[in-house]
Amino acid sequence: MLRYRFETRYRTATIMEEDALNKPTAAGADESLHTLSESPCGSLVFYVIPELSLLLPKDTDVYIGQRRTALLRVSSQVGVGRTLEQLLAQLEPRIKQVLQVMSFSHTDVSAVLSDRVRFNPDSKEGIADSMRAFKSSPGYEITFSLLNPDPTSHQLHWDIEGAVQTYIQPLLTKLSPVANFSIDSQTLYYSVLGVKPRFDSSCDAYTLNADSLAHVINPVEARLGSNAASSNPVLNFLLYVPDAHHSPLKIQDHRKQEVPSNAFHSPRWGGIMVYNVNGFYEPEAELPVDISINMAEVMGVFLAQLRLLLGVQSSPPPPGFLVAPRGSSGLADWELDRLMWSRCVENIATATTTITSLAQLLDQISNIVINDNIAEQVSSAVNSLQLAVAELEAGNLKYALQLSKEAILASEKAFFDPSLLHLLYFPDDQKFAIYIPLFLPMCVPILLSLIKMASEARQKRREKLAKKD
């Protein structure tokens, strides 16, 4: 059973913290508080501010910053005539709401263990969230593909290298404790979607409805290629620019409403965005038309999809909450902590399952040979697992995540060792099934000969006894 607990400490604000809380904006206060003291990974700091404070708007009671801090507005009547214990008890419901947003929760447990343990999610959205994100891996490969179905209509120019450095790389740098990332890009010509768009006269555009989106990926995926030298999962992001004969092309949801981003994503695969350029086709334009793609618009969509596919939960905050923008990195510090908690638990569960499966395999095959290197890997995995659990209980999130990654690598290396292939060893019942058809025909004449020899021996013995009589 997985249990999580919070260690709570409280103190009065220092003079410098009080000066930071006197900033004109909550964002400025959050940045000043971070400058004064950086909270350790996996921890949260709540600052209780009076009701008359001008840091928060009137309809806002909680401000969640980019770092690991939150500002809680408390009514002036709450603290009147109350002890410290009574005041903390009064704040407890609000603190639980903040923890539900900023920290590791049962929802995260359900998502990371959905493949191993059956949960009863509260809604269909809970099932979708648990199946959307990629499973934990030491590394991921990200591929950006530009699909040009008709190069004779338009010549596309996209600054993918600059866009990756500006919009994607800051996020990946912040996610470096979780996994390693590699990025590549490609342009595919004459690549069309697997579904023919339909013209909708009501919106004067071609449309793709939600039911047909599932058939879009397979024909395109066959041309994407794959890196055979790596076993890491691949996140595909496709930018499709429709030709002049099927432009504009708009994506509709299940309610027949246009999707604002004109994009969709597939769980544990990637995302596709349709980029319309029909405004570039003037009546007297010479084909092919040179088109420069607005990479800020494209990367804004891909960045949001990347967050979802990597498991960064973005649940709507409760009423009265104000969540600060993520900043240039696209990821708040507390979001990174939540992801690290999730990955750590998932790695521990995966490594435990792998070691258990290996032990069951060894129990089934009695004559299997275990080399010394396999024993060392298993011992290393078990030790890393025990240390990871201990560090996790102590709240040392970074060390726990690193140890869990070492555990999963060692366990998989032992489980997939070539000397432990199932085909090299057979259970006893399979051995009988294989060898009996081979030796039974040979044993029948031998057995008959032995019976005949025994019969002749008995006959001779009887004759000798008769002569003696």
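**Notebook: cavities, rings and one serine**

I looked up the enclosed spaces and counted five cavities of 30 Å³ or more. A cavity here is a set of points on a 1 Å grid over the protein atoms alone where a 1.4 Å probe fits but cannot get out. Points are joined across faces, edges and corners, and a volume is the space filled by probe spheres set on the points.

I noted that this is a predicted model, in which local features need pLDDT of at least 70 and side-chain atom pairs count only at pLDDT 80 or more, while totals for chains, interfaces and linings use all residues. Residues are numbered from 1 along each chain as its sequence is written, and side-chain values use heavy atoms, with hydrogens and water left out.

**Second largest cavity**

I read its volume as about 70 Å³. Its lining residues (an atom within 4 Å of a point) include Ser-136, Pro-138, Arg-343 and Lys-405. I sorted the lining into five nonpolar, three polar and two charged residues. Nonpolar covers Ala, Val, Leu, Ile, Met, Phe, Trp, Tyr, Cys and Pro; charged covers Asp, Glu, Lys and Arg; the others, Gly among them, are polar.

Which helix gives the largest share of this lining? I found that H11 does, with four residues. Helix H9 (333-364) and helix H11 (397-415) each supply at least two. Helices (H or I, at least four residues) and strands (E, at least two) are DSSP runs numbered from the N terminus.

**Aromatic rings**

I found seven aromatic pairs in the structure. Rings of Phe, Tyr and Trp (its six-membered ring) pair if their centres lie within 6.5 Å; planes under 30 degrees apart are stacked, over 60 edge-to-face, the rest tilted.

Phe-144 and Phe-237 are stacked, because their centres are 5.5 Å apart and their planes lie at 25°. Phe-144 is in strand E4 (residues 139-148) and Phe-237 in strand E9 (residues 234-240), so this pair ties together parts 93 residues apart in sequence. Phe-144 is buried (under 20% relative accessible area; exposed is over 50%, partly exposed in between; 1.4 Å probe, protein chains only) at 1%.

Phe-144 also pairs with Phe-302, at 5.9 Å and 40°, so I entered that pair as tilted. Phe-302 sits in helix H8 (residues 295-309), 158 residues from Phe-144. Phe-302 is buried too.

I listed one aromatic cluster of Phe-134, Tyr-140 and Phe-181.

**Ser-53**

I located Ser-53 in the loop between strand E1 (45-50) and strand E2 (62-64). Is Ser-53 buried or exposed? At 16% relative accessibility, I entered Ser-53 as buried. A polar atom of its side chain lies 3.3 Å from the backbone nitrogen of Leu-55.

Conventions:
Polar contact = N/O pair within 3.5 Å; in protein donor to acceptor, adjacent residues only side chain to side chain. 1 Å grid on protein atoms, 1.4 Å probe; cavity = no way out; pocket = protein on both sides within 12 Å on 5 of 7 lines; lining within 4 Å.
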